Amino acid sequence: MRYVIADIHGCLNTLQLLVTNLNLNSIDSLYFLGDYIDKGKSSAKVLDYLIDLRTQQNVFFLRGNHEANILETQQNYEPKMFKMFVEKINKSPCLLNNESRIIPKYQTFMQDLPYFLELEDFWLVHAGFSPKENFLDEKDYMLEGRNTQYEIQKFKGKRIVHGHTVTYKQTIERAVQEQASIIPLDNGCVYNKSHKIYDYTQTGNLCCLNLDTFELIWQKNID
Ligand SMILES: [Mn+2]
């Protein structure tokens with residue numbers, strides 16, 4: 001079976017429980033849609049877990065805007081300023097070493113991540129694809145875009161699965177039930193408490209889509 005998991009955002013325990021409950025065997029594949037870090041408290045441990053998972057399973061990792069942003073910020077600011085950003089905005093000081101640089105094994109992992117994957121029957125991307133004709137060149141859009149109108153023939157009739165935009169449980173369930181051409185999978189795992197934007201009774205789960213059976217597996221945030 002092929003499974004897809006979207007935005008994890010530092011929720012290690014939730015991720016571990018979800019993956020354990022999948023009972024993966026050696027021919028199963030796992031696809032991750034990016035945004036492994038920030039917001040939640042265990043960014044470094046999530047990366048450790050994912051890097052380790054790669055030694056045991058067929059796993060594929062995409063780039064999210066949070067991975068792209070931390071790499072870009074490190075390039076653009078001197079260490080002291082960079083450290084402040086990572087502590088105050090990303091809330092991921094665990095990713096840095098004593099010199100206020102990203103720990104090399106995390107840096108290597110993040111800088112090698114692809115922007116999208118085209119499978120036989122699906123497109124996988126962190127945020128979405130640009131409405132432009134040359135959508136495969138629009139890399140920033142893949143990380144941040146919020147397009148909901150796709151001419152599906154441009155995508156060879158294949159469905160698009162994406163994360164990034166927090167989507168209520170009912171909406172995700174409906175898209176999967178209808179086998180819609182665009183399937184959102186980010187249920188805002190970190191938003192599991194009363195929140196000013198989101199109705200937290202409809203968010204706060206890490207969800208996983210089985211691409212072969214269109215089954216959704218939900219894991220409530222336990223972090
Ligand atoms: Mn994102």
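Trainee: Let's start with strand 8 and strand 9. How many bridges join them, and do they run parallel or antiparallel?

Mentor: Six bridges join strand 8 to strand 9, and the two run antiparallel. Keep in mind that this is a predicted model.

Trainee: Noted. Which residue is the bridge partner of Cys-207 in strand 9?

Mentor: That's Trp-218.

Trainee: And the turn of that hairpin, how many residues sit between the strands?

Mentor: Four, and in this hairpin Phe-214 takes a positive phi near 55°. Thr-213 is also in the loop between strand 8 and strand 9.

Trainee: Is Thr-213 buried, partly exposed or exposed?

Mentor: Partly exposed, because its relative accessible area is 40%, and the partly exposed class runs between 20% and 50%.

Trainee: How far is Thr-213 from Ile-8, C-alpha to C-alpha?

Mentor: Their C-alpha atoms are separated by 22 Å, with their positions 205 residues apart along the chain.

Trainee: OK, zoom out. What's the strand order in the sheet that holds strand 8 and strand 9?

Mentor: It's an open sheet of five strands, ordered 3-2-1-8-9, with mixed pairing. Strand 3 and strand 9 are the edges, each pairing on one side only. On average, neighbouring strands there are turned by 20° against each other, ignoring direction.

Trainee: What joins strand 1 to strand 8?

Mentor: Three bridges, with strand 1 (residues 2–5) running antiparallel to strand 8. Ile-5 stands opposite Cys-208 in strand 8. Helix 7 packs on this sheet too, touching strand 8 and strand 9, and its direction makes about 160° with that of strand 9.

Trainee: Go to the other end of the sheet. In which sense do strand 2 and strand 3 pair?

Mentor: Parallel, over four bridges, with strand 2 covering residues 29–32. Ser-29 has Asn-58 as its bridge partner in strand 3. The chain gets from strand 2 to strand 3 through helix 2 (residues 43–53), and that β-α-β crossover is right-handed.

Trainee: Which residues of strand 3 are on the covered face?

Mentor: Val-59 and Phe-61, while Asn-58 and Phe-60 are on the uncovered face. In a regular strand the side chains alternate between the two faces of the sheet.

Trainee: Back to helix 7. Which of its residues are buried?

Mentor: Ile-172, Ala-175 and Val-176, in a helix spanning residues 169–177. Down the helix axis, the buried residues of helix 7 fall within an arc of 95°, so they line one face. An α-helix has 3.6 residues a turn, so residues three or four places apart point the same way.

Trainee: What do the buried ones pack against, and what's on the other side?

Mentor: The buried residues of helix 7 pack against strand 7 (182–184), strand 8 (205–210) and strand 9 (215–220). On the other side, Gln-170 and Gln-177 are exposed. Just after the helix, Gln-179 takes a positive phi of about 50°.

Trainee: Strand 7 wasn't in the order you gave. Which sheet is it in?

Mentor: An open sheet of four strands, ordered 4-5-6-7, again with mixed pairing. Strand 4 (116–118) and strand 7 are its edges. Neighbouring strands in this one are turned by 15° against each other on average, direction ignored. Strand 4 and strand 5 (residues 122–125) run antiparallel over three bridges, and Leu-117 stands opposite Leu-124.

Trainee: Now the metal. Which protein donors does the manganese ion have?

Mentor: Asp-35 (OD), Asn-65 (OD1), His-126 (NE2) and His-164 (ND1), at 2.1 to 2.2 Å from the ion. Along the chain they follow the spacing D-x29-N-x60-H-x37-H. Asn-65 lies in helix 3 (residues 65–76) and His-164 in the loop between strand 6 (159–162) and helix 7, so the pair ties together parts that are 99 residues apart in sequence.

Trainee: Is His-164 buried or exposed?

Mentor: Buried, because its relative accessibility is 9%, and Asn-65 is buried as well. His-164 also has a positive phi of about 75°, although it is not a glycine.

Trainee: And Lys-39, what's its phi?

Mentor: Positive, about 70°, and again not a glycine. Lys-39 sits in the loop between strand 2 and helix 2, and counts as partly exposed at 40% relative accessibility.

Methods
Residues are numbered from 1 along each chain as its sequence is written. This is a predicted model: local features need pLDDT of at least 70, side-chain atom pairs count only at pLDDT 80 or more; totals for chains, interfaces and linings use all residues. Side-chain values use heavy atoms; hydrogens and water are left out. Buried means under 20% relative accessible area, exposed over 50%, partly exposed in between (1.4 Å probe, protein chains only). The arc is that of the directions from the helix axis to the C-beta atoms. Contact means heavy atoms within 4.5 Å. Donors are N, O and S atoms within 2.8 Å of the metal (3.2 Å for Na, K and Ca); water is not among the atoms, so sites may look incomplete. Two strands pair if DSSP finds at least two bridges between them. Axes are lines fitted to C-alpha atoms, for helices over the stretch in contact, and angles run from 0 to 180 degrees between N-to-C directions. A crossover is right-handed if, with the strands pointing away from the viewer, the path from the first strand over the helix to the second runs clockwise.
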